[in-house]
Amino acid sequence: MKLNLDQLKDINSKSLDLHQVELDILSQKLDKKGINAEDIIKDITELQVATPSWALGTGATRFGRFPGGGEPATLEEKIGDVGILKQLCGQTSSISLHIPWDVPDNAEDVKDLAASYGLRFDSMNSNTFMDDPRGLNTPKGLSYKYGSMCNSEEAIREQSIQHNIDVIEYGKRLGSDSLTVWLADGSNYPGQANFRRQFENVQNSLREIYKAMPEDWYMFTEHKPYEPNFYSTVNNDWGSNLLLAKGTGERCLCLVDLGHHLPNTNIEQVVSRVIMEKRLAGFHFNDSKYSDDDLTVGSLKPYQLFLIFNELVEYMKGDDKQANELAWMIDASHNTKDPMEDLLQSFDAIALAYGQALSIPRATLTEAQMNNDVAGGQEIIQDAYRTDVRPLVREARMRQGAAFSPLQAYRELGVRKELINQRGTRVAVTGL
Ligand code: LRH
Ligand code: MN
Ligand code: MN
């Protein structure tokens, strides 16, 4: 299903006059702070965030699942859904796959189909945290019950290395250029495993996979302190992640998933440290209250998201070219929302946080910091956070032919209803 662009234009035109007034006022306000609204609009347009293929169907908790209708059942349909999201918000132009949840057997056709929607393939995710019932991630038929790369059994370690190499092969055919490795490896009880031995096994396995990557590929390692192992995980925090990345190779970088931190962790500071070490890969955006809740981006801690973008903007506006290569992705899962609506809200939250961070007068902030003006520094940051940058986000969308308010347009155009008409009330197959 492709949306009719004229319809989007018609919907926008209803609020065009008011938008223009709001944009003018905001541009003047920013101008007073020495900030050019046009620059922010351009930057917002350029920030493209990948959609994960597993977020297009209704998620679940371990207690149940409440799927809606019209969900995509095949990779082709998932690509179609991302195409719709792109048309609506203009903020996503790539899709990230999890093998074996979405296996592109016909990679060339799938690549062409994606290209017809203006989409490419983002980072490839391997999966050694479950045993696929079809055996698609267990080439030797062995179980990952006690871990994959950390496993005490060499054959299982070899199997997980092979699975990752298989994922790289799929990715090569799809035109991807990175592999994301998140490991569930760890232990559930003290005494179950030796921390050091597990870490060394993982480190050695990552090195083997790294050797199998094409020379222009990157490996992203993703840390997480708990779940599904609840006593220890091997790649538990940013420090371990950094050790693994450095021990693996130059093109191994650290991915930050916003839900993968212990309560009250200062994530923006973690981001700053990893940037300092030139090892930031990018993000899995989501939000959480308690743990890895995978809730809609910016739904609970929008200020934290803004502060993270504050660090990122400083990095992106600096001299390091690597900052232009960051991998942006949403990693959310929705049990009680239409997944497409949730994704649209997530894209919106990202654009707003980015726009707000871009509206911080950096030189003035540095001056306050250098003068130990504590209250002054806080004022500058909070003034930017309290600035309503929605007119800039709307303008960025309009210039791309997308909708002022993607969620509203999605509803007005009856997209879900149309998808239910086409696909029926069946539900998507995802691994979550
Ligand atoms: C692990 C994780 C990781 C997986 C995804 C499904 O919690 O964040 O990125 O690939 O969830
Ligand atoms: Mn993640
Ligand atoms: Mn997660």
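A residue is near a molecule or strand if its C-beta atom, placed from the backbone, lies within 6 Å of it. The structure is a predicted model, in which local features need pLDDT of at least 70, side-chain atom pairs count only at pLDDT 80 or more, and totals for chains, interfaces and linings use all residues. Residues are numbered from 1 along each chain as its sequence is written, while chains are lettered from A and ligands numbered from 1 in the order in which they are written.

**Exercise 1. Determine which residues surround ligand 1, and how they divide by character.**

Step 1. The shell consists of Trp 54, His 98, Asn 125, Trp 182, Glu 222, Lys 224, Asp 257, His 284, Asp 292 and Asp 331.

Step 2. Ala, Val, Leu, Ile, Met, Phe, Trp, Tyr, Cys and Pro count as nonpolar, Asp, Glu, Lys and Arg as charged, and the others, Gly among them, as polar.

Step 3. The shell accordingly holds two nonpolar, three polar and five charged residues.

**Exercise 2. Describe the sheet and the place of Asp 257 in it.**

Step 1. Helices (H or I, at least four residues) and strands (E, at least two) are DSSP runs, numbered from the N terminus; two strands pair if DSSP finds at least two bridges between them.

Step 2. Eight strands, in the order E1-E2-E3-E4-E6-E8-E9-E10, form an open sheet with parallel pairing. Strand E1 (51-52) and strand E10 (327-330) are its edges, each pairing on one side only.

Step 3. Four bridges join strand E8 (residues 252-257) to strand E9 (residues 280-285) in the parallel sense. Asp 257 stands opposite His 284 in E9, and both residues belong to the surroundings of ligand 1.

**Exercise 3. Specify how helix H11 packs against helix H14.**

Step 1. Axes are lines fitted to C-alpha atoms, for helices over the stretch in contact, and angles run from 0 to 180 degrees between N-to-C directions. Helix H11 (residues 339-358) and helix H14 (residues 390-399) make an angle of about 120 degrees, and their axes are 9 Å apart.

Step 2. Contact requires C-beta atoms, placed from the backbone, within 7 Å. Ala 351, Leu 352 and Gly 355 of H11 meet Arg 390, Leu 392 and Val 393 of H14. These contact residues comprise four nonpolar, one polar and one charged.

**Exercise 4. Locate the cis peptide bonds that precede Pro 100 and Pro 228.**

Step 1. Most residues other than glycine have a negative phi, and most peptide bonds are trans.

Step 2. The bond from Ile 99 to Pro 100 is cis, with omega near 20 degrees; Pro 100 lies in the loop between strand E2 (94-98) and helix H5 (107-116).

Step 3. The bond from Glu 227 to Pro 228 is also cis, with omega near 5 degrees. Pro 228 occupies the loop between strand E6 (218-222) and strand E7 (232-233). Glu 227 has a positive phi, near 70 degrees.

Key. Contact = placed C-beta atoms within 7 Å.
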